[in-house]
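Student: Could you take me through one part of this model slowly? I would like a close look at the place where the ligand sits, and then at the contacts elsewhere in the protein.

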Amino acid sequence: MKKILVTGGAGYIGSHICLKLSESGYQPVVYDNLSNGHRDAVAPNITFIHADIRDRDALDHAFETFRPDAVIHMAALIEAGLSMREPARFYEINTAGTLILLEAMRRHQCHRIVFSSTAAVYGNCDVNLLDETLPIRPENPYGRSKAMVEGLLTDYGVIYGFHALALRYFNAAGADPQGRIGERHDPETHLIPLALQAAAGHRDALKIFGNDYNTPDGTCIRDYIHVDDLAAAHIAALHHVLHQSKPGFDAINIGTGQGCSVRDIMRLCQEITGNSFAVSDAPRRPGDPARLVANPAKAEDMLNWQALYRNPRDMIMHAWAFYCKMAGPS
Ligand code: UFG
């Protein structure tokens with residue numbers, strides 16, 4: 001059974017990937033400092049290492065002990081808005097932290113990696129669907145910290161013979177369709193979970209950050225991708241890096257190809273929960289591109305992957321089911 005070291009495996013996306021890895025015949029080993037993840041999001045039968053990616057000794061110990069066949073690297077700070085206020089933390093953890101991990105991989109002859117990249121590497125582009133040939137022009141330090149890692153991986157592919165694939169996630173949403181795990185950020189900053197908190201009466205009102213973008217209803221458009229589809233994309237990507245004979249780096253969008261505005265999401269959350277909540281207009285959030293929607297053709301061609309959940313309605317329904325389960329009977 002192939003062993004996969006999953007950094008950030010106790011986080012929202014990471015925990016869904018670990019479930020899918022186990023169900024697909026891999027042995028995940030979670031490596032997480034629990035700064036944002038949850039110990040109980042990792043199934044009891046999965047090995048858990050409580051450590052930081054910047055800790056060289058802990059990495060050496062993990063590689064020596066488990067001898068992973070590949071790494072799925074997700075451990076990172078993820079909030080684009082926060083990165084506009086605290087960029088240094090993003091470069092330290094996301095960029096420098098990844099370099100420390102890559103060096104540990106090199107010391108231990110583990111040269112295969114699937115890296116969590118982001119749609120935020122594109123920034124504002126004047127095209128309907130973003131494809132991987134577009135120039136990288138991030139609008140915020142978060143996107144730049146990930147773009148820098150894509151640069152590192154390009155060199156590690158050519159010069160050190162790494163097999164590396166970056167998955168550029170669009171907006172992860174939803175929860176495990178069986179309701180076992182879901183999204184639990186603290187503090188929460190993402191649109192759908194915040195809207196659900198408002199629908200549940202656990203938050204007063206929701207702010208729309210910017211109503212004057214050049215989009216049909218003036219609010220930002222994003223491509224929401226079900227976390228279960230995102231997890232499936234990792235299984236396909238892992239298969240690719242484990243079986244690819246030629247080393248090198250490539251980047252692939254993981255999205256649905258369909259955009260949804262902030263106002264659309266508000267409306268859907270109110271409709272699905274059956275609860276209305278107050279919504280107010282607020283200034284733009286610095287660093288937000290107006291529109292991020294994937295062209296997912298490369299993922300279909302290269303990985304034989306495509307999103308099964310194509311409607312944000314399913315994502316919101318699964319997220320709401322998990323939210324209600326966590327909140328308990330009211
Ligand atoms: N938004 C609001 N009000 C809120 C929260 C968010 O209007 O209270 C808006 C944002 O301004 C943005 C949209 O909703 O226009 C989505 O915002 P999120 O914070 O939910 O997500 P982001 O698009 O900023 O970023 C997310 C992840 C990143 C990932 C990116 C890919 O956090 O890690 O999607 O598109 F890179």
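Tutor: Happy to; we start at the ligand and then move on to salt bridges, a buried side chain and a surface patch.

Please keep in mind that this is a predicted model. Around the ligand there are 21 residues, and those that come nearest are Thr118, Asn171, His190, Arg285 and Asp288. By type, this shell divides into 13 nonpolar, four polar and four charged residues. Two elements that each supply at least two residues of the shell are α6 (191-199) and β8 (205-209). Strand β8 gives the most, with three residues.

Now for the polar contacts of the ligand. A nitrogen atom of the ligand lies 2.7 Å from a polar backbone atom of lysine 207. For phenylalanine 209, a polar backbone atom is again the partner, here 2.9 Å from an oxygen atom of the ligand. Arginine 285 takes part through its side chain: one of its N or O atoms is 2.7 Å from an oxygen atom of the ligand. As for cover, the ligand taken alone exposes 690 Å², and the protein buries 93% of that.

Let us turn to charge pairs within the protein. Side chains of opposite charge can pair when their charged atoms come close. Searching the whole structure gives 17 salt bridges. In one of them, glutamate 92 pairs with arginine 54, with the closest N and O atoms 2.9 Å apart. Because glutamate 92 lies in helix α4 (residues 87-107) and arginine 54 in the loop between β3 (47-50) and α2 (56-66), the pair ties together parts that are 38 residues apart in sequence. Glutamate 92 is partly exposed at 40% relative accessible area, and arginine 54 is also partly exposed, at 28%.

Another salt bridge joins glutamate 150 and arginine 168, whose closest N and O atoms are 2.6 Å apart. Glutamate 150 belongs to helix α5 and arginine 168 to strand β6 (residues 163-169), so this pair connects parts 18 residues apart in sequence. Here both glutamate 150 and arginine 168 are buried.

A further example is the salt bridge between the side chains of aspartate 176 and arginine 180, at 2.8 Å from N to O. Shared partners extend the picture: Glu23, Asp176 and Arg180 are joined into one network of salt bridges. Aspartate 176 counts as buried because its relative accessibility is 4%, under the 20% cut-off. Arginine 180 is partly exposed, with a relative accessible area of 36%.

For a side chain with polar contacts inside the protein, look at asparagine 253 in strand β11 (residues 248-254). Asparagine 253 is buried, with a relative accessibility of 0%. A polar atom of its side chain lies 2.8 Å from the backbone oxygen of leucine 130. The side chain of asparagine 253 also reaches the backbone oxygen of asparagine 295, at 3.3 Å.

Finally, go out to the surface. Val158, Ile159 and Tyr160 form a nonpolar patch there, and together they have about 330 Å² of accessible area. Valine 158 sits in helix α5 (residues 141-160), the helix that also holds glutamate 150. Valine 158 is exposed, with a relative accessible area of 69%, whereas glutamate 150 is buried.

Terms used
Residues are numbered from 1 along each chain as its sequence is written. This is a predicted model: local features need pLDDT of at least 70, side-chain atom pairs count only at pLDDT 80 or more; totals for chains, interfaces and linings use all residues. Side-chain values use heavy atoms; hydrogens and water are left out. Patches are made of residues with over 30% relative accessible area and no salt bridge: like charges are joined within 9 Å, nonpolar side chains (Val, Leu, Ile, Met, Phe, Trp, Tyr) within 5 Å. Accessible areas come from the Shrake-Rupley method with a 1.4 Å probe; for residues, only the protein chains shown count as cover. A salt bridge is a side-chain nitrogen of Lys or Arg within 4 Å of a carboxyl oxygen of Asp or Glu. Helices (H or I, at least four residues) and strands (E, at least two) are DSSP runs, numbered from the N terminus. Buried means under 20% relative accessible area, exposed over 50%, partly exposed in between (1.4 Å probe, protein chains only). A residue is near a molecule or strand if one of its heavy atoms lies within 4 Å of it. A polar contact is a pair of N or O atoms within 3.5 Å; within protein, one must be able to donate a hydrogen and the other to accept it, and residues adjacent in sequence count only if both atoms are side-chain atoms. Ala, Val, Leu, Ile, Met, Phe, Trp, Tyr, Cys and Pro count as nonpolar, Asp, Glu, Lys and Arg as charged, and the others, Gly among them, as polar.
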